[in-house]
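These notes are meant for a colleague who is opening this entry without prior acquaintance. They take the form of numbered points, to be read beside the structure.

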Amino acid sequence: MSAIVDTLRLTAEEAIGLVERGDVSATELHAAYLDAIEERDAELHAYLRTVDEADGTSIPIALKDVISTKGVETTAGSKILSGYVPVFDATVATRCRDAGLTLLGKTNTDEFAMGSSTENSAFGPSRNPWDPSLVPGGSGGGTSAAVTAGLAPWGLGSDTGGSIKQPSALCGNVGLRPTYGTVSRYGVVAFASSLDQVGPVAKNVRDVALLYSIIAGRDPEDSTTVELPGAVVLPQEDRLEGLRVGVPRQATELEAIEPGVRAAFDVALTRLEELGAEVGECELPRAFDYGIACYYLIATAEASSNLARYDGVRYGPRSEGTTYREMVERTRDEGFGDEPKRRIMLGTYALSAGYYDAYYGQAQKVRTLIVREHADVFGRFDVLATPTSPTVAFPIGHKAADPLAMYACDLLTIPSCLAGLPGLNVPCGFSEGLPVGLQLIGPQLSENTLFRAGHALERSLGLDLVPERLRT
Amino acid sequence: MAIDREQLLHVAHLARLELRDEELERLGAQLNDILDAVSKVSELDLADVPPTSHPLALVNAWAEDVPRDPLPLDDVFANAHAREGDLFRVPPTA
C-alpha cells in the first residue's frame with residue numbers, strides 16, 4: 001500500500017487533494033501511514049500506540065498522548081495513567097473528527113509534557129529522524145518526529161513553555177503555539193493551566209494554518225477560550241513589504257546559542273530583509289533574564305495543583321496501602337517519574353505557607369513585567385524573531401541527569417509563553433547537518449501575520465526537510 | 001535558601017508523595033540547585049507591580065445554565081481501580 005503515496009514528502013494539503021479527487025481513499029491513506037510507521041517507528045518510537053482502522057473520510061492525524069481520545073488509551077507518557085481509557089474526547093479531538101480526520105495514533109511525550117527531549121517518557125524516549133542517536137526535542141518529540149519522518153501528515157502537540165516549537169526546531173518542521181485561549185484545553189491532560197496550549201505541527205506553514213483553522217475558536221467547555229477575531233487566512237504571498245521584524249538583542253547575545261544556530265538565524269534575517277521586511281533591534285531584558293526563573297515557579301506551582309488528582313482512586317494503577325493516605329502516597333511515589341516529582345515538590349514548596357509571597361507571588365509579578373515588555377516592543381514591530389532553540393538536536397542522555405541544563409533548552413521559547421503570545425517555528429537552515437529553527441513571535445491573535453511571514457520565509461529558503469538518511 | 005531534610009519531608013507530606021530515602025537525597029540536592037536558580041526572581045523590587053495570574057484579560061466568562069445528562073455511572077467508574085456499588089472503594093481513612 002505504501003507505494004500509493006510517498007508519505008515522506010506528502011503535505012497535508014496534497015493528501016487532502018488526493019482524497020478529494022478520489023485518487024486514494026481515507027482507508028488507503030491511513031494504511032499507507034501505518035505501513036510507514038511499521039517500517040520506521042521501531043527505530044524512532046514516535047508513537048505510543050496506533051489505531052488500526054480509519055474512522056473518518058479525510059486524511060489521518062497524530063495526536064500527542066496528552067489529548068483525550070474516547071476509547072483509545074491516553075497516558076500523558078506516565079505510568080500513573082497507564083491503562084487509562086478516556087470515556088470522552090478532548091474538544092480538539094472532536095473537532096478533528098468533525099473535519100473528517102482519522103486518528104492515526106497517539107504520540108510519545110515527556111511525562112505530563114514535562115521535558116525538552118521526550119527522555120522523561122515512562123515508555124522510553126523518541127528519537128530524532130535526522131539521527132536516531134539524538135533527541136527529537138520535547139515534550140512533543142513524538143508528534144514532531146512523526147511529521148518529519150513521514151509517519152503522519154500532521155499532528156497536534158501541546159505547548160506550555162516550548163513543547164511544540166522546540167521539537168519542531170530540532171526535527172525541522174513547522175509548529176505553532178497558538179495565542180493562549182484560542183484553542184480549547186478541554187480533555188487535555190493539564191500541566192500548567194495558565195500556560196498550556198494545544199497547537200498544530202506539520203511540514204509547512206500552510207498546513208499548520210489549515211489545522212489551526214480546524215481546532216481554534218471558543219469552546220463552551222473551556223471558559224478560558226475566545227473566538228478568533230477573524231478567519232484564519234492560508235498564506236499565499238511571497239513578499240513581506242511593510243512587515244516590521246524586531247530582533248531582541250538579549251536573545252541573540254545569549255552565550256548558550258551555538259555558532260551554527262546563530263549563523264543560520266542570521267542568514268534567515270537577511271532573507272527576511274530581501275523579501276521586503278524591515279528588520280530592527282529591540283530590547284527584552286527582563287523577559288530573557290528572568291523568564292526561566294519565573295516560568296519554573298509558575299508552571300510548577302500550577303502543576304503541583306493539577307497533578308494532585310492522581311490518587312489511585314478514579315483512574316490509573318493503585319499501589320497497596322493499609323490506609324487511604326498510605327495508598328495515595330505510595331501510588332504517587334510509584335506512579336510518577338522523577339521530573340513530575342521534582343516539579344510537584346518545587347511547586348508545592350513555592351505555594352507553601354511562608355514561601356508563597358517570595359516565590360509564587362513574586363513570579364506572578366515578574367510575569368507582569370514580561371507581559372509589559374512584549375507589549376512595548378509590539379508598538380514598533382509586527383513580529384519578533386529569535387532562534388527557537390539555542391542548540392541543534394543533542395545526544396540522548398546528554399542532559400538527562402541535569403535538570404537545569406534541560407530547562408535551559410527552552411530559554412528562548414519561554415518568555416513569550418508567559419505573555420500568552422503565539423509563536424511559530426519555521427526551519428531556517430542547518431548546522432552540523434541538523435535543522436535549525438527560527439521562532440516568530442507576534443502579539444496576541446496575530447496568527448495570520450505569523451503565517452504570512454513564515455510562509456514567505458520557507459518558500460524563499462526552499463530547504464529540503466526530509467532527513468538525508470530517509471531520502472530515496 | 002536551601003531546603004533541609006525536614007522541610008523536604010514536610011513538602012513531600014503536603015504533596016502526598018511517599019519519597020524513599022534514596023529519592024529524598026537525590027531530589028533534595030536537585031531541588032536545592034533549582035531553587036537557587038529560580039530565586040533569581042527575588043532580585044527585583046516589584047512592590048508596586050500587580051501580579052499576572054492569567055495571560056488573557058477575560059472577565060466573567062458566563063455560560064448559560066443548561067441542564068445536561070451527566071456521564072453514565074458505568075463510564076464514571078470505567079477506569080476506577082475498585083468500585084463498590086456506586087462508590088469508589090478505597091482503604092480505610094484512619
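1. A word on terms comes before the point on helix α3 of chain A: helices here are DSSP runs of H or I with at least four residues, numbered from the N terminus. The model is predicted. Just after α3(A), A:Gly100 takes a positive phi of about 90°. Within α3(A) itself, which spans residues 91-98, the buried residues are A:Thr91, A:Val92, A:Ala93, A:Thr94 and A:Cys96, and these pack against the strands β2 (60-64), β4 (154-159) and β6 (197-202) as well as against helix α6 (205-215), which belong to chain A.

2. The strands of chain A deserve a careful look, since an open sheet of eleven strands with mixed pairing runs in the order β1-β3-β2-β4-β6-β5-β10-β11-β9-β7-β8. Its edge strands are β1 (47-50) and β8 (278-282) of chain A, each of which pairs on one side only. On average, and with direction ignored, neighbouring strands of this sheet are turned by 30° against each other. At the β1(A) edge, three bridges join β1(A) to strand β3 (residues 102-107) of chain A, and the two run antiparallel; A:Tyr47 has A:Thr107 in β3(A) as its bridge partner.

3. Two helices of chain A can be placed on this sheet. Helix α4 (residues 141-148) packs on the sheet and touches β1, β2, β3, β4, β5 (174-177) and β6 of chain A, its direction making about 155° with that of β4(A). Helix α6(A) also packs on the sheet, where it touches β4, β5, β6 and β10 (423-431) of chain A, and its direction makes about 145° with that of β6(A).

4. How many of the residues of β6(A) are buried? Six of the six are, so this strand is largely enclosed by the rest of the structure. On one pairing, six bridges join β4(A) to β6(A) in the antiparallel sense, and A:Asp159 stands opposite A:Gln197 in β6(A). β5(A) and β6(A) likewise pair in the antiparallel sense, over two bridges, with A:Val174 opposite A:Ala202 in β6(A).

5. Another packing to inspect within chain A is that of helix α8 (residues 259-274) against helix α15 (residues 447-461), where the angle is about 105° and the axes are 10 Å apart. An angle of 65 to 115 degrees counts as roughly perpendicular, which makes α8(A) roughly perpendicular to α15(A). The contact is made by A:Ala268, A:Arg271 and A:Leu272 of α8(A) together with A:Leu457, A:Ser460 and A:Leu461 of α15(A), and by class it has four nonpolar, one polar and one charged residues.

6. Turning to the two chains together, 54 residues of chain A are in contact with 44 residues of chain B. On the chain A side, the elements that give two or more residues are α9, α10 (324-335), α11 (338-351), α12 (357-377) and α13 (403-407), and α12(A) gives the most, with eleven residues. The residues of this side divide into 28 nonpolar, 16 polar and ten charged.

7. One helix pair across the chains can be described in detail: helix α9 (residues 285-306) of chain A and helix α2 (residues 21-38) of chain B pack at an angle of about 125°, with their axes 8 Å apart, and are therefore oblique to each other. Here A:Ala293, A:Tyr296 and A:Leu297 in α9(A) meet B:Ile34, B:Ala37 and B:Val38 in α2(B), so that by class the contact has six nonpolar, no polar and no charged residues.

8. Which residues touch the most other members of the largest nonpolar core? Of its 150 residues, they are A:Ile61, A:Cys294 and A:Leu297, and α9(A) gives the most to this core, with 13 residues. Leaving aside neighbours within four places in sequence, A:Leu297 is in contact with A:Ala350, A:Tyr359, A:Tyr360, A:Ala363, B:Val38 and B:Val41.

9. Finally, A:Leu411 lies in the loop between α13 and α14 (414-418) of chain A. Is this residue buried or exposed? A:Leu411 counts as buried because it has 23 C-beta neighbours inside 10 Å, where 20 or more are required. Not counting residues up to four places away in sequence, A:Leu411 touches A:Leu254, A:Ala256, A:Ile292 and A:Pro390. A:Leu411 and A:Tyr290 are 121 residues apart in sequence, yet 9.8 Å apart in space from C-alpha to C-alpha.

Note on methods:
Residues are numbered from 1 along each chain as its sequence is written. Chains are lettered from A and ligands numbered from 1 in the order in which they are written. This is a predicted model: local features need pLDDT of at least 70, side-chain atom pairs count only at pLDDT 80 or more; totals for chains, interfaces and linings use all residues. Axes are lines fitted to C-alpha atoms, for helices over the stretch in contact, and angles run from 0 to 180 degrees between N-to-C directions. Angles under 35 degrees count as roughly parallel, over 145 as roughly antiparallel, 65 to 115 as roughly perpendicular and the rest as oblique. Two residues are in contact if their C-beta atoms, placed from the backbone, lie within 7 Å. A nonpolar core is a set of buried Ala, Val, Leu, Ile, Met, Phe, Trp, Tyr and Cys residues joined through C-beta atoms within 7 Å. A residue is buried if 20 or more other C-beta atoms lie within 10 Å of its own, exposed if 12 or fewer, and partly exposed in between; C-beta atoms are placed from the backbone. Two strands pair if DSSP finds at least two bridges between them.
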